[in-house]
Amino acid sequence: MSSLKSVTIAIPNMGSIKTFTMMAILDVLSQASIPINISYPIHTYVHVARRDSVLEAQKAGSSHIWFVDSDMMWRGNPLEQLASHGKHIIGAHYNERNLP
């Protein structure tokens, strides 16, 4: 993660974050070799919560911000892989919802 100096993981939400999302974040934190700040603004409007996370990341002096939806899941630590692309913005398709 040489290009990463510090990261804010931003989880905009409306009052709850799925357990599997928090477990994935804890996995990232357990492997981190850089400072990581967690931002979890609660707001009805996601754009307001994202703005609040950006302000929090700036205040913390983070070099990067990683937006995570409150219902995302992954395995391992994707920070190094995301940083390896050398891009300013990276998006990912992850929508795999199923009917209950």
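This report describes the fold of one protein chain, its nonpolar core and a few residues chosen from it. The structure is a predicted model, and its features are taken up from the whole chain down to single residues.

**The chain as a whole**

The protein chain contains 3 helices and 3 strands, and a reader who follows the sequence from its beginning meets them in the pattern β-α-β-α-β-α. The radius of gyration of the protein chain is 13 Å, close to the 13 Å that the globule rule gives for 100 residues, so the chain is as compact as a globular protein of that length. Along the principal axes, the C-alpha atoms fill a box of roughly 40 × 30 × 25 Å.

Of the 100 residues in the protein chain, 30% count as buried. The surface that the protein chain exposes comes to about 7100 Å², and carbon and sulfur atoms supply 55% of it. The protein chain also carries 8 positive and 7 negative charges, and the mean positions of these two groups are 5 Å apart. When contacts between residues at least 6 apart in sequence are considered, 75% of them join residues at least 24 apart.

**The nonpolar core**

In soluble globular proteins, nonpolar side chains tend to be buried together. The largest nonpolar core of this model has 14 residues, and those that touch the most other members are Val7, Ile9, Trp66, Val68 and Trp74. Strand S1 (7-10), helix H1 (19-31) and helix H3 (79-83) are the elements that give two or more residues to this core, and H1 gives the most, with 3 residues.

Which residues does Val7 contact, leaving aside its neighbours within four places in sequence? The contacts of Val7 are Ile34, Pro35, Ile36, Asn37, Ser62, His64, Trp66 and Leu79.

**Four residues compared**

The table gives the place and the relative accessibility of four residues, which can then be examined one by one.

| Residue | Place | Relative accessibility |
|---|---|---|
| Thr8 | strand S1 | 0%, buried |
| Pro78 | loop between strand S3 (64-67) and H3 | 18%, buried |
| Leu82 | helix H3 | 27%, partly exposed |
| Met23 | helix H1 | 52%, exposed |

Thr8, in strand S1, counts as buried because its relative accessibility is 0%, where buried means under 20%. Not counting residues up to four places away in sequence, Thr8 touches Asn37, Ser39, Ala57, Ser62, His64, Ile65 and Trp66.

Pro78 lies in the loop between strand S3 (64-67) and H3, and with 18% relative accessibility this residue also counts as buried. Beyond its neighbours within four places in sequence, Pro78 is in contact with Val28 and Trp66. The C-alpha atoms of Pro78 and Ser63, which are 15 residues apart along the chain, are separated by 16 Å.

Leu82 belongs to helix H3 and, at 27% relative accessibility, counts as partly exposed. Once its neighbours within four places in sequence are left aside, Leu82 is in contact with Trp66 and Ile90. Between the C-alpha atoms of Leu82 and Ala92, 10 residues apart along the chain, the separation is 9.9 Å.

Is Met23, in helix H1, buried or exposed? Met23 counts as exposed because its relative accessibility is 52%, where exposed means over 50%. Met23 and Met72 are 49 residues apart in sequence, while their C-alpha atoms are 10 Å apart in space.

Note on methods. Residues are numbered from 1 along each chain as its sequence is written. This is a predicted model: local features need pLDDT of at least 70, side-chain atom pairs count only at pLDDT 80 or more; totals for chains, interfaces and linings use all residues. Side-chain values use heavy atoms; hydrogens and water are left out. Helices (H or I, at least four residues) and strands (E, at least two) are DSSP runs, numbered from the N terminus. The radius of gyration is taken over C-alpha atoms; the globule rule is 2.2 Å times the number of residues to the power 0.38. Buried means under 20% relative accessible area, exposed over 50%, partly exposed in between (1.4 Å probe, protein chains only). Contact means heavy atoms within 4.5 Å. Accessible areas come from the Shrake-Rupley method with a 1.4 Å probe; for residues, only the protein chains shown count as cover. Lys and Arg count as positive and Asp and Glu as negative; His and the chain ends are not counted. The place of a charge is taken as NZ of Lys, CZ of Arg, CG of Asp or CD of Glu. A nonpolar core is a set of buried Ala, Val, Leu, Ile, Met, Phe, Trp, Tyr and Cys residues joined through side-chain atoms within 4.5 Å.
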